[in-house]
Amino acid sequence: MPLKNVKATMVKVRSQVANATKVGILATVHTLKNELVLATPVDTGHARDSWDIHEVKGAKVPTFDIINDASYIGKLNDGYSDQAPAHFIEAIALKYGSVVGQVVKYKDE
């Protein structure tokens with residue numbers, strides 16, 4: 001007896017797995033972002049409020065960039081403030097596993 005609708009069922013299963021994977025990855029990305037927010041030195045709060053998540057469109061696997069567009073985030077990450085050690089961004093990012101590509105890219109690069 002031939003199986004019916006196997007192709008449609010597999011397409012549906014593949015979609016469900018992809019969605020579950022994306023949801024799981026996004027949950028981790030949000031946790032990472034929240035940790036970055038809490039670690040960001042505070043004076044006016046602008047740098048802390050400037051963290052955002054962007055989905056990378058067209059990637060084969062769910063991929064997200066965590067962005068901070070405060071013009072001085074590079075100085076803060078270099079250790080300018082006594083509130084956070086130098087390279088706090090990289091240290092936090094590496095706690096979440098291996099990183100593909102550049103960890104930190106500043107606006108002027």
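## Pocket lining, core and salt bridges

The residues that line the second largest pocket divide into 6 nonpolar, 5 polar and 3 charged. The model in which this pocket is found is a predicted one, and its chain has 4 helices and 2 strands, which follow one another along the sequence in the pattern α-α-β-β-α-α. Of the 109 residues of the chain, 24% count as buried. The points below take up the pocket, the nonpolar core, one buried asparagine, the loop between α3 and α4 and the salt bridges in turn.

**The second largest pocket**

- The volume of the second largest pocket is about 170 Å³; of the 14 residues that line this pocket, Pro-41, Val-42, Asp-43, Tyr-72 and Leu-76 are the closest to its centre.
- The elements that give two or more residues to the lining of this pocket are α2, which spans residues 46-49, and α3.
- Between these, α2 gives the most to the lining of the second largest pocket, with 3 residues.

**The largest nonpolar core**

- Nonpolar side chains in soluble globular proteins tend to be buried together.
- In this model the largest nonpolar core has 12 residues, namely Leu-32, Leu-36, Val-37, Ala-47, Trp-51, Ala-70, Ile-73, Leu-76, Ala-84, Phe-88, Ile-89 and Ile-92; helix α1 (6-39), helix α3 and helix α4 (88-94) each supply at least two residues of this core.
- Leu-76 belongs to this core and is also among the lining residues closest to the centre of the second largest pocket.

**Asn-77 and Phe-88**

- Asn-77 lies in helix α3, which covers residues 73-77, and because its relative accessibility is 0%, below the 20% cut-off, Asn-77 counts as buried.
- A polar atom of the side chain of Asn-77 lies 3.1 Å from the backbone nitrogen of Phe-88, and Phe-88 is itself one of the residues of the largest nonpolar core.

**The loop between α3 and α4**

- Ala-86 lies in the loop between α3 and α4, and with a relative accessibility of 40% Ala-86 counts as partly exposed.
- The C-alpha atom of Ala-86 is separated by 9.0 Å from that of Lys-75, a residue that is 11 residues away along the chain.
- His-87 lies in the loop between α3 and α4 as well, and its relative accessible area of 43% makes His-87 partly exposed.
- Although His-87 is not a glycine, its phi is positive, at about 65°.

**Salt bridges**

- The structure holds 3 salt bridges.
- Glu-55 forms a salt bridge with Lys-22, in which the closest N and O atoms are 3.0 Å apart; because Glu-55 lies in strand β1 (residues 51-55) and Lys-22 in helix α1, this pair ties together parts that are 33 residues apart in sequence.
- Both partners count as partly exposed, Glu-55 at 32% relative accessibility and Lys-22 at 31%.
- Glu-35 forms a salt bridge with Lys-95, and here the closest N and O atoms are 2.3 Å apart; the pair links distant parts of the chain, with Glu-35 in helix α1 and Lys-95 in the segment after α4, 60 residues apart.
- Glu-35 counts as partly exposed because its relative accessibility is 22%, whereas Lys-95, with a relative accessible area of 58%, is exposed.
- The side chains of Lys-57 and Glu-55 meet in a salt bridge with an N to O distance of 3.6 Å, and Lys-57 is exposed, its relative accessible area being 68%.
- Through salt bridges that share partners, Lys-22, Glu-55 and Lys-57 are joined into one network.

Definitions and conventions. Residues numbered from 1 in each chain as written. Predicted model: local features only at pLDDT ≥ 70, side-chain atom pairs only at ≥ 80, totals over all residues. Heavy atoms only, no water. Buried < 20%, exposed > 50% of the residue type's maximum accessible area, 1.4 Å probe, protein only. Polar contact = N/O pair within 3.5 Å; in protein donor to acceptor, adjacent residues only side chain to side chain. Core = buried A, V, L, I, M, F, W, Y, C linked by side-chain atoms within 4.5 Å. 1 Å grid on protein atoms, 1.4 Å probe; cavity = no way out; pocket = protein on both sides within 12 Å on 5 of 7 lines; lining within 4 Å. Points joined across faces, edges and corners; volume = space filled by probe spheres on them. Nonpolar A, V, L, I, M, F, W, Y, C, P; charged D, E, K, R; others polar. Salt bridge = Lys/Arg side-chain N within 4 Å of Asp/Glu carboxyl O.
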